[in-house]
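Here is a walk through the side chains of this protein, with a look at rings, charges, the core and the cysteines. Keep the structure open as you read.

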Amino acid sequence: MKHTEKELLALREEVNEMWRLVASQLDKAKNAFLTGDVELGREVISREKRVNTFELKIESDCENYIALYNPVAIDLRLVLSVMKICSTLERIGDFAEGIARHVVDDTYNQLTAVLKDELELEKMFNVVLGMLQDSYDAPESENTKLSGKILSADEEADTLYTNAMTKLATYIEANPAHAACCLKTMVVIRKIERIGDHCSNIVEEIVFYIDAKVLKHSKNKD
């Protein structure tokens with residue numbers, strides 16, 4: 001195996017480690033939010049620095065690889081994609097931390113289990129977690145056909161987001177005393193929806209790397 005190939009494999013493994021960490025952060029943020037587990041929320045917050053460290057390390061390694069080996073074609077696309085993907089994963093990590101911070105907020109306990117069910121928050125979390133897992137699997141299998149599945153899931157997340165916002169607005173009108181908590185919950189729901197958008201961005205980078213196609217701004221991403 002050439003030295004450059006070893007370097008590329010190391011880069012891919014680094015981003016995969018970061019991917020697994022971010023997926024774990026999001027899953028724990030989901031469980032903390034749905035169950036009200038404050039300690040789990042604090043764990044997510046404390047681990048956010050690890051996500052940031054991964055991003056800085058991977059970006060530095062990618063820059064060094066480009067400077068040392070002057071890659072072209074698919075190797076260059078891989079390195080460029082890795083840099084963008086790790087930046088996107090860092091943003092998803094930020095959103096997971098933001099959700100966890102809502103759990104440790106004093107107003108969180110006003111959000112009832114019944115309201116969580118009505119807002120379909122668990123379903124929304126599961127949709128974006130599935131997108132994150134599928135986007136992780138795609139480069140490993142070099143299967144860009146998963147892109148259509150992931151982009152369709154993003155549309156589902158958008159629909160759940162819109163419905164949840166409408167239900168929350170109605171709930172605030174009927175329960176003005178809980179308005180502060182509901183407004184913060186709207187921010188959380190927006191974060192979940194944005195995670196779906198970022199997973200779609202990751203898919204675009206994977207398709208660019210594997211098929212040399214640019215999906216960004218395309219009318220027909222499928």
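## Charges over rings

R91 sits over the face of F95, with 4.8 Å to the ring centre. That comes from a predicted model, as does everything below. A second case of this kind involves a lysine: K116 lies over the face of F33, at 6.0 Å from the ring centre.

## F33 and the core

What else does F33 touch, once neighbours within four places in sequence are set aside? The list runs to I99, H102, V103, Y108, L111, K116, L121, F125, T185 and V188. So K116, the lysine over the ring, turns up among these contacts too.

F33 also stands out in the largest nonpolar core, which has 71 residues: F33 and L89 are the ones with the most contacts inside it. Seven elements are named as giving two or more residues to this core: helix 1 (3-35), helix 2 (38-69), helix 3 (73-103), helix 4 (113-119), helix 5 (121-141), helix 6 (146-174) and helix 7 (179-211). Helix 7 provides the largest share, 15 residues.

## Aromatic pairs

How many aromatic pairs are there? The count comes to three. One of them is W19 with Y136, an edge-to-face pair with 5.7 Å from centre to centre and 80° between the planes. This pair bridges distant parts of the chain, since W19 belongs to helix 1 and Y136 to helix 5, 117 residues apart. Both partners are tucked away: W19 counts as buried because its relative accessibility is 2%, and Y136 also counts as buried, at 16%.

Now for Y65 and Y69. Their ring centres are 4.9 Å apart and their planes meet at 50°, so this pair is tilted. Here the partners are local: both lie in helix 2, four residues apart, which is about one turn of the helix. Are the two rings' residues buried or partly exposed? Y65 is buried, with a relative accessible area of 4%, whereas Y69 is partly exposed at 27%.

## An arginine in helix 2

R47 is another resident of helix 2. You might expect to look for an arginine on the outside, but R47 has a relative accessible area of 17% and so counts as buried, the cut-off being under 20%.

What does the side chain of R47 make a polar contact with? The partner is the side chain of S24, at 3.4 Å. Leaving out residues up to four places away in sequence, R47 touches L21, S24, Q25 and K28. S24 is therefore both a touching neighbour and the polar partner of this buried arginine.

## The cysteines

How many disulfides does a search of the whole structure find? Zero. C181 is in no disulfide, and the nearest cysteine sulfur, in C182, is 5.6 Å away. Why is there no bond from C182 to C181? The two sulfurs are 5.6 Å apart, which is too far for a bond, given that a disulfide needs the sulfur atoms within 2.5 Å.

As for where these two cysteines sit, C181 counts as buried because its relative accessibility is 1%. C182 is buried as well, at 2%.

Technical notes:
Residues are numbered from 1 along each chain as its sequence is written. This is a predicted model: local features need pLDDT of at least 70, side-chain atom pairs count only at pLDDT 80 or more; totals for chains, interfaces and linings use all residues. Side-chain values use heavy atoms; hydrogens and water are left out. A nonpolar core is a set of buried Ala, Val, Leu, Ile, Met, Phe, Trp, Tyr and Cys residues joined through side-chain atoms within 4.5 Å. Buried means under 20% relative accessible area, exposed over 50%, partly exposed in between (1.4 Å probe, protein chains only). Contact means heavy atoms within 4.5 Å. Rings of Phe, Tyr and Trp (its six-membered ring) pair if their centres lie within 6.5 Å; planes under 30 degrees apart count as stacked, over 60 as edge-to-face and the rest as tilted. A charge sits over a ring if NZ of Lys or CZ of Arg is within 6 Å of the ring centre and within 35 degrees of the ring normal. A polar contact is a pair of N or O atoms within 3.5 Å; within protein, one must be able to donate a hydrogen and the other to accept it, and residues adjacent in sequence count only if both atoms are side-chain atoms.
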